[in-house]
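Student: I would like a close look at the aromatic residues in this model and at how they sit within the rest of the chain. Please start with the overall build and then go to the detail.

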Amino acid sequence: RVQLVESGGDSVQAGGSLRLSCAASGYTYSRHTMGWFRQAPGKEREGVAAIYSGGGVTYYGDSVKGRFTISQDNANNAVYLQMNSLKPEDTAMYYCAADDSYAPYFPSTSSVRFRGGSWFIDPAGFGYWGQGTQVTVSS
């Protein structure tokens with residue numbers, strides 16, 4: 001059974017930093033895509049960042065690019081999200097996810113694709129989800 005366990009969420013002041021961690025079991029990240037998503041109350045789930053295990057190529061949503069960094073460990077069984085310069089609008093429940101599509105060279109287009117001039121990280125392309133970890137940024 002595939003399980004994703006997240007940690008690292010906390011309450012911080014604006015401008016602070018956090019690092020979220022996600023460990024997976026029962027899943028092989030090789031040639032797959034891992035992602036971080038967030039959802040605030042009353043808002044749709046938003047793709048924050050994704051990383052393709054085949055080459056470690058990363059993708060970011062426009063709202064976090066330049067502030068957040070996604071990374072993976074050498075075994076490709078854990079992913080991290082380093083969040084710097086946090087803003088109150090970053091407050092949300094953050095979810096780790098893994099896709100369910102094998103892709104030999106690039107992320108599956110069901111998971112990550114270029115749309116309207118930006119990278120769209122599509123939650124519909126990710127079949128495995130963690131329980132979520134709360135990030136709260138005070139103003």
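How many helices and how many strands does the secondary structure of the chain come to?

Tutor: This is a predicted model. Its secondary structure comes to zero helices and 13 strands, so the order of elements from the N terminus is β-β-β-β-β-β-β-β-β-β-β-β-β. The radius of gyration is 14 Å, close to the 14 Å that the globule rule gives for 139 residues, so the chain is as compact as a globular protein of that length. Along the principal axes, the C-alpha atoms fill a box of roughly 45 × 35 × 25 Å. Of the 139 residues, 44% are buried. The chain exposes about 6900 Å², and carbon and sulfur atoms supply 47% of that area. If one takes the contacts between residues at least 6 apart in sequence, 61% of them join residues at least 24 apart.

Now the aromatic residues. The structure holds five aromatic pairs. One of them is Phe-37 with Phe-126: the ring centres are 5.0 Å apart and the planes stand at 75°, so the pair is edge-to-face. This pair links distant parts of the chain, since Phe-37 belongs to strand β4 (residues 33-39) and Phe-126 to strand β12 (residues 126-129), 89 residues apart. Both Phe-37 and Phe-126 are buried.

Another aromatic pair is formed by Tyr-95 and Trp-129. It is edge-to-face too, with 6.4 Å from centre to centre and 75° between the planes. It again links distant parts of the chain: Tyr-95 is in strand β9 and Trp-129 in strand β12, 34 residues apart. The two partners differ in burial. Tyr-95 has a relative accessible area of 15% and is therefore buried, whereas Trp-129, with a relative accessible area of 26%, is partly exposed. The cut-off that separates them is 20% relative accessible area, under which a residue counts as buried. Phe-37, Tyr-95, Phe-126 and Trp-129 form one aromatic cluster.

Two arginines also face aromatic rings. Arg-45 lies over the face of Trp-129, at 4.7 Å from the ring centre, which places it beside a member of the cluster just described. The charged end of Arg-115 sits over the ring of Phe-120, 3.6 Å from its centre.

Next, the nonpolar packing. In soluble globular proteins, nonpolar side chains tend to be buried together. The largest nonpolar core here has 26 residues, and those with the most contacts inside it are Trp-36, Val-48, Phe-68, Leu-81, Met-83 and Tyr-94. The elements giving two or more residues to this core are β3 (18-25), β4, β5 (46-52), β7 (68-72), β8, β9 and β13 (133-138). Leu-81 shows what such a position looks like: leaving aside residues up to four places away in sequence, it touches Leu-18, Arg-19, Leu-20, Trp-36, Val-48, Ala-49, Phe-68, Thr-69, Ile-70 and Tyr-94. Apart from the largest core lies another, of seven residues, among them Phe-37, Tyr-59, Val-112 and Phe-126. Phe-37 and Phe-126 thus appear in this core and in the aromatic cluster.

Some loop residues complete the picture. Between β8 (78-83) and β9 (92-99), the loop contains Ser-85 and Lys-87. Most residues other than glycine have a negative phi. Ser-85, although not a glycine, has a positive phi of about 50°. Its relative accessible area is 41%, so Ser-85 is partly exposed. Lys-87 likewise counts as partly exposed, at 35% relative accessibility. Not counting residues up to four places away in sequence, Lys-87 touches Arg-67 and Val-137. The C-alpha atoms of Lys-87 and Ser-138 are separated by 7.8 Å, with their positions 51 residues apart along the chain.

The loop between β9 and β10 (112-115) holds Ser-108. With a relative accessible area of 13%, Ser-108 is buried. It touches Thr-33, Asp-99, Ser-101 and Ala-103, again not counting residues up to four places away in sequence.

Definitions and conventions. Residues are numbered from 1 along each chain as its sequence is written. This is a predicted model: local features need pLDDT of at least 70, side-chain atom pairs count only at pLDDT 80 or more; totals for chains, interfaces and linings use all residues. Side-chain values use heavy atoms; hydrogens and water are left out. Helices (H or I, at least four residues) and strands (E, at least two) are DSSP runs, numbered from the N terminus. Buried means under 20% relative accessible area, exposed over 50%, partly exposed in between (1.4 Å probe, protein chains only). Rings of Phe, Tyr and Trp (its six-membered ring) pair if their centres lie within 6.5 Å; planes under 30 degrees apart count as stacked, over 60 as edge-to-face and the rest as tilted. A charge sits over a ring if NZ of Lys or CZ of Arg is within 6 Å of the ring centre and within 35 degrees of the ring normal. A nonpolar core is a set of buried Ala, Val, Leu, Ile, Met, Phe, Trp, Tyr and Cys residues joined through side-chain atoms within 4.5 Å. Contact means heavy atoms within 4.5 Å. The radius of gyration is taken over C-alpha atoms; the globule rule is 2.2 Å times the number of residues to the power 0.38. Accessible areas come from the Shrake-Rupley method with a 1.4 Å probe; for residues, only the protein chains shown count as cover.
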